[in-house]
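Work through the following exercises with the sequence and the model in view, and try each task before reading its solution.

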Amino acid sequence: MWVTMPCPRLMREAGYHGEAYLPSPTYQGLGAGCWGTMNEVCAHLVGYMPREECVVHVYNTIVRVLPQGSEADEVIQQAAAMLRAGDVVAFPTETVYGLGANAMQPSAVARIFEAKGRPSNNPLIVHVLDVRAARKLCTTWPVMADRLAEAFWPGPLTLVVPRTGDVPDIVTAGGPNVGIRVPSHSVARAILTAAEVPIAAPSANRSNAISPTRAEHVLSDLNGRIPLIIDGGPTNNLESTVIDVSTELPRILRPGPISSQALAEVVGRLPVAVTVPQTEMAPLTSPGQLQVHYAPSTPAIMLPAGDADQLAAQLRTSGKLVARLTSGGGKSCLPMEIALPPSWQVWQANLYEALHTLDDAGADIIVVDEPPLASEWAAVYDRLKRACARTVNL
Ligand code: TXA
Ligand code: MG
């Protein structure tokens, strides 16, 4: 259920003390996106905002649990009906949980941006069932797209291709291309089948935070901001590889589970990796390249293993609570120490779970062992670099 109230002051008087979303960009002074606590919203509005503009969207977030491996029809039908009605729904994919909306309905897609506090210059990936549905969204379907789709769909690969005028501007951030992916997760596929519309879905977290690999992560980030979460159990990967095939020279916009070598074997040349860091407010010429992203709220720092040990020891001596993510033969001691074996597959599958656990541990700082620079580690390295990109005051 979601409620639109005419005025946040009335909501407060009615006993609601949660958060509120103000749709008008005039009020972005409130902080992250247009969200604020009810008190902040009311203080901000008193004597300032005409009453008729005081629209607040509040959701009573429901979590519906699917037994592992099941796509219980009634739950799927509820999700599909909400998507068709223009609402947002969080659901699992084979990478991370996504926050979906009907991609062809701009007002529905706008709710994704609201809920996440996502800057409007960052385009969304559209999820479809197969190549036929993908081709309906683009003006040309390059040979490279065909080969890559044949090799990796359904699966964790997003193809950026020239879009048709039917794809709303809000989905592509006004750009000429659209990112499309065909997920393999059975729940995502069941929802796509039942909804019968393309579904725009970014990761179901607040903008720049760690991507969710469990329904609990989605709830703790987006409670009150979205109406429904479909809990299909934990997911275990990084987000899809994003490759731009709209030009002759393919470009990797985001490294991911499908490596550049695997892509090269299919397209016959090594795609160029786009590495230019972008700031949040600049127009995103290479979206997905925000410098701080996928970040825990606890300050995090990444160093070569030996230096990381040394820093952790020094910080502990000076009384700091230090959480550690290490690579090697050590033992995990939850929730403060997580040791992952030095295998890129294991790190790829467990990185977000580990970062969520360490972030929730109440530490002053998270110290992470730097992964190898080898190409198979590119996606893990990319996510850790962004997770640790904020300046840390020691
Ligand atoms: O695995 C995934 O890709 C997950 C699941 C839910 O499907 N989705 C996901 O979406 O990670 P999001 O929005 O968190 O990241 C999408 C990335 C962003 O970096 C965005 O800038 C880029 O893909 N992207 C989307 N559409 C694009 C476009 N038209 N051109 C260039 N980059 C695009
Ligand atoms: Mg994301």
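**Exercise 1. Determine which residues of α6 meet which residues of α10, and describe how the two helices pack.**

Step 1: Met144, Arg147, Leu148 and Ala151 in α6 meet Leu263, Val266 and Val267 in α10, where contact requires that the C-beta atoms, placed from the backbone, lie within 7 Å. Helices (H or I, at least four residues) and strands (E, at least two) are DSSP runs numbered from the N terminus.

Step 2: The residues of this contact of α6 with α10 divide into 6 nonpolar, no polar and 1 charged, with Ala, Val, Leu, Ile, Met, Phe, Trp, Tyr, Cys and Pro counted as nonpolar, Asp, Glu, Lys and Arg as charged, and the others, Gly among them, as polar.

Step 3: The model is predicted, so that local features need pLDDT of at least 70 and side-chain atom pairs count only at pLDDT 80 or more, whereas totals for chains, interfaces and linings use all residues. Residues are numbered from 1 along each chain as its sequence is written, and chains are lettered from A and ligands numbered from 1 in the order in which they are written.

Step 4: Helix α6 (residues 143–152) and helix α10 (residues 260–267) pack at an angle of about 120°, with their axes 9 Å apart; axes are lines fitted to C-alpha atoms, for helices over the stretch in contact, and angles run from 0 to 180 degrees between N-to-C directions. That makes α6 oblique to α10, since angles under 35 degrees count as roughly parallel, over 145 as roughly antiparallel, 65 to 115 as roughly perpendicular and the rest as oblique.

**Exercise 2. Establish how β12 is paired and which way its residues point.**

Step 1: Strand β5 (residues 62–65) runs parallel to β12 and is joined to it by 4 bridges, and the bridge partner of Val63 in β12 is Ile229. Two strands pair if DSSP finds at least two bridges between them.

Step 2: Strand β6 (residues 89–92) also pairs with β12 in the parallel sense, over 2 bridges, with Val89 standing opposite Leu228.

Step 3: From strand β12 (residues 228–231), Leu228 and Ile230 point one way and Ile229 and Asp231 the other way, and all are buried, that is, 20 or more other C-beta atoms lie within 10 Å of their own (12 or fewer would be exposed, and values in between partly exposed).

**Exercise 3. Trace the order of the sheet that contains β17 and β18, and find the helix that packs on it.**

Step 1: The 4 strands form an open sheet in the order β16-β19-β17-β18, with parallel pairing. Its edge strands, each pairing on one side only, are β16 (300–303) and β18 (337–340).

Step 2: Strand β17 (residues 322–327) pairs with β18 over 4 bridges, and Thr326 stands opposite Ala339 in β18.

Step 3: Helix α12 (residues 344–359) packs on the sheet, touching β17, β18 and β19 (365–369), and its direction makes about 180° with that of β18.

**Exercise 4. Characterise the packing of α12 and α13.**

Step 1: α12 and helix α13 (residues 378–387) pack at an angle of about 25°, with their axes 9 Å apart, and are therefore roughly parallel to each other.

Step 2: Trp344, Trp347, Gln348, Leu351 and Leu355 in α12 meet Ala379, Val380, Arg383 and Ala387 in α13. By class, this contact has 7 nonpolar, 1 polar and 1 charged residues.
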